[in-house]
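I opened my notebook to get to know this structure a little. Here are my entries, in the order in which I looked things up.

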Amino acid sequence: MRAEGAASFARVWADHRRGLPGWGAALAGITLMYLAFWPMMGADMQAMLDGLPEALIRALGYDRIGTAAGYLEAVIYGLLGPVLLLVYGIGLGGRVIAGQEEDGTLELDLAAPVGRARLYWQRLAAVWTLITALVAITTLAVLVSGPLFGLGVPTVNVLAASLAMWLLVGGFTTIALAVGAATGRRGIGVAAAAGLATLAYVFRSVADAVGVDVLATLSPFAWMLASEPLVNGFDAFGAAKLGLLSVVAAPLGAWRFARRDLMV
Amino acid sequence: MSDTVIVTRGLVKEYGRTRALDGLDLEVRSGEVFGFIGPNGAGKSTTIRVLLDLLRPTAGEARVFGVTPAAGGPALRARIGYLPGELALGGRVSAGEHLHHLASLRGGRGRDAIDTLAERFRLDLARPVRALSKGNKQKVGVIQAFMHEPDLLVLDEPTSGLDPLLQHEFMALVREASARGATVFMSSHVLREVETVADRVAVIRDGTTVDVDSVTGLRRRAGQRVSLRFAEPPDADTAAAIEGVEQVRLDDHTLTCLLHGEPDELLKWAARGRVLSWSARDRDLEDLFLDVYRNRGRNGAEAEHDAR
């Protein structure tokens with residue numbers, strides 16, 4: 001039998017590459033804009049923080065906002081970066097199999113001489129490359145604007161934080177795709193991934209605010225940030241736990257997708 | 001096994017509590033054009049999706065070229081051209097890009113035929129697929145089903161959305177495929193759509209086969225609608241007793257009935273009175289088709305028990 005190459009992979013790119021410049025510009029623009037505020041922080045910021053309750057400051061991750069690494073984490077890596085990327089990734093993950101199965105646009109692909117597993121893994125891989133491109137753009141924006149505004153966070157640490165963010169976003173995106181492919185329902189895939197991501201975010205915030213370690217242990221956001229990668233660099237254990245999200249979800253989705261009825 | 005392309009035996013498919021296929025038996029021979037007729041919701045698309053391994057049977061089995069669709073996998077689907085009943089096209093690509101994508105899913109097979117077929121069906125390959133009209137989408141569907149010259153064509157309601165001219169072109173395509181030895185399995189909810197090209201026809205209802213016959217056989221069975229006007233009102237009861245006469249209706253001096261087989265007995269009976277005028281016209285196959293639907297409750301139920 002003749003292999004069909006990477007047609008399923010290429011098709012996801014053909015359908016979604018046009019969205020990349022817009023998302024890339026938004027992520028780079030927001031990063032640039034927030035980092036441009038850094039030189040203006042200082043006395044005003046400290047005055048504002050003095051008026052806030054201690055627990056709220058910790059929940060928002062603003063307790064270290066007076067340092068460059070703390071500021072970068074509070075605005076980009078701990079909030080806007082993952083949130084925007086998760087919106088993109090989870091939406092895309094739900095779309096490329098379950099969403100297209102539901103609206104019927106995947107029927108001819110599924111009836112083509114391509115194994116279901118092959119279609120699944122290629123589409124998942126394509127989604128990962130799209131996310132990778134956006135994480136790379138965000139990282140580049142941080143690396144370029146850091147020196148510009150005198151942030152002074154070492155490049156290795158930025159790369160370490162970006163790697164962790166990439167694994168986190170990829171993990172929840174994979175969950176959206178896998179649960180969608182397993183159930184044939186885009187809504188279930190998106191809800192599962194978005195729900196878990198929200199829970200993870202809340203757990204970390206609560207854990208930070210009131211110091212409940214159990215919640216931090218369970219939160220992928222804590223796996224990403226608790227070791228303070230922008231200060232301490234690469235955290236292998238955290239990265240391994242984040243990677244596990246995808247490593248567990250992806251094969252389960254593929255297994256179920258290959259066995260169930262399609263287009264019902 | 002070699003001369004049958006599609007075989008299903010007691011095929012059952014359930015979705016939760018609803019039973020879409022209820023012991024369907026089919027046999028499609030190699031090289032024939034086979035019409036698969038039934039009302040909407042009879043199980044046509046479900047059967048077709050089982051053949052393509054999109055759905056897995058609850059019970060019974062289906063075999064295409066001698067293997068079950070699941071076991072046949074990609075190698076089996078490489079031999080099939082499929083046109084879905086409700087073709088949805090989306091994504092941000094042109095019609096040409098979409099067709100090239102589908103060809104590359106087949107390892108490039110059919111790529112060379114895209115331009116010729118697009119010209120033949122007057123499809124603008126540069127248009128984005130999502131902006132195509134229903135008819136133009138159907139053209140994309142037809143082209144991708146035929147482009148790789150498959151051994152088996154599975155066409156679900158293929159002519160829907162095509163204007164008469166393109167329907168004609170489509171039928172020509174089916175005849176060409178048949179002439180080069182391909183087997184064609186096409187569904188429709190109207191017999192008229194398939195009777196001109198089909199060799200044999202299966203009628204299904206509620207997930208079971210209620211009738212299989214050649215188109216000529218069906219025509220023979222369809223019978224004639226006879227109308228006789230008498231000088232004096234005839235005795236309708238004696239007419240109804242005649243072999244091959246059904247649905248006798250007497251309206252004043254005019255008797256109408258449905259006649260199967262030779263008219264000899266009926267004519268001799270009519271000659272006992274004075275016939276003022278008469279007419280006999282062949283029935284539309286569509287009428288027979290409706291008969292089959294209606295009668296299934298009576299005759300079909302027994303046949304079904306025998307089948308199990």
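In chain B, in what order do the six strands of the open sheet lie, and what is their pairing? I kept in mind that I was reading a predicted model. The order I noted is 5-6-7-3-8-9, and the pairing is mixed.

**Entry 1: the six-stranded sheet**

I looked for the edges next. They are strand 5 (80-83) and strand 9 (208-214) of chain B, each of which pairs on one side only. From one strand to the next I found a twist that averages 15°.

I then picked out one pairing inside this sheet. Strand 6 (residues 152-156) and strand 7 (residues 183-188) of chain B pair in the parallel sense, over five bridges. For B:Leu152 I looked up the bridge partner, and it is B:Thr183 in strand 7 of chain B. I also saw that helix 8 (residues 215-222) of chain B packs on the sheet, where it touches strand 8 (200-205) and strand 9 of chain B. The direction of helix 8 makes about 95° with that of strand 9 of chain B.

**Entry 2: the three-stranded sheet**

Chain B also has an open sheet of three strands, in the order 2-1-4, and here the pairing is antiparallel. I marked strand 2 (18-29) and strand 4 (59-64) of chain B as its edge strands. Direction ignored, neighbouring strands of this sheet are turned by 15° against each other on average.

Strand 1 (residues 4-15) of chain B is joined to strand 4 of chain B by five bridges, and the two run antiparallel. In this part I found B:Thr8 standing opposite B:Ala62 of strand 4 of chain B. Helix 1 (residues 44-51) of chain B packs on this sheet and touches strand 1, strand 2 and strand 4 of chain B. Its direction makes about 65° with that of strand 2 of chain B.

**Entry 3: one residue of helix 1**

I stopped at B:Thr46, which lies in helix 1 of chain B. Is B:Thr46 buried or exposed? Its relative accessible area is 10%, and the cut-off for buried is under 20%, so B:Thr46 counts as buried. Its side chain shares a polar contact of 3.4 Å with the side chain of B:Tyr15. Leaving aside neighbours within four places in sequence, I listed the residues in contact with B:Thr46, among them B:Lys13, B:Ala20 and B:Leu55.

**Entry 4: rings**

I searched the whole structure for aromatic pairs and noted eleven over all chains. A:Tyr120 and A:Phe257 form a tilted one, with 6.0 Å centre to centre and 35° between the planes. This pair links distant parts of the chain: A:Tyr120 is in helix 7 (residues 116-148) of chain A and A:Phe257 in helix 13 (residues 236-259) of chain A, 137 residues apart. Both A:Tyr120 and A:Phe257 are buried.

In chain B I looked at B:Phe146 and B:Phe170. Why is this pair edge-to-face? The ring centres of B:Phe146 and B:Phe170 are 6.0 Å apart and the planes stand at 90°; over 60 degrees counts as edge-to-face. B:Phe146 and B:Phe170 are both buried.

My last ring note is on B:Arg79, which lies over the face of B:Phe65, at 3.7 Å from the ring centre.

**Entry 5: chain B as a whole**

I counted eleven helices and 13 strands in chain B. Of its 308 residues, 51% count as buried.

Notes
Residues are numbered from 1 along each chain as its sequence is written. Chains are lettered from A and ligands numbered from 1 in the order in which they are written. This is a predicted model: local features need pLDDT of at least 70, side-chain atom pairs count only at pLDDT 80 or more; totals for chains, interfaces and linings use all residues. Side-chain values use heavy atoms; hydrogens and water are left out. Rings of Phe, Tyr and Trp (its six-membered ring) pair if their centres lie within 6.5 Å; planes under 30 degrees apart count as stacked, over 60 as edge-to-face and the rest as tilted. Helices (H or I, at least four residues) and strands (E, at least two) are DSSP runs, numbered from the N terminus. Buried means under 20% relative accessible area, exposed over 50%, partly exposed in between (1.4 Å probe, protein chains only). A charge sits over a ring if NZ of Lys or CZ of Arg is within 6 Å of the ring centre and within 35 degrees of the ring normal. Two strands pair if DSSP finds at least two bridges between them. Axes are lines fitted to C-alpha atoms, for helices over the stretch in contact, and angles run from 0 to 180 degrees between N-to-C directions. Contact means heavy atoms within 4.5 Å. A polar contact is a pair of N or O atoms within 3.5 Å; within protein, one must be able to donate a hydrogen and the other to accept it, and residues adjacent in sequence count only if both atoms are side-chain atoms.
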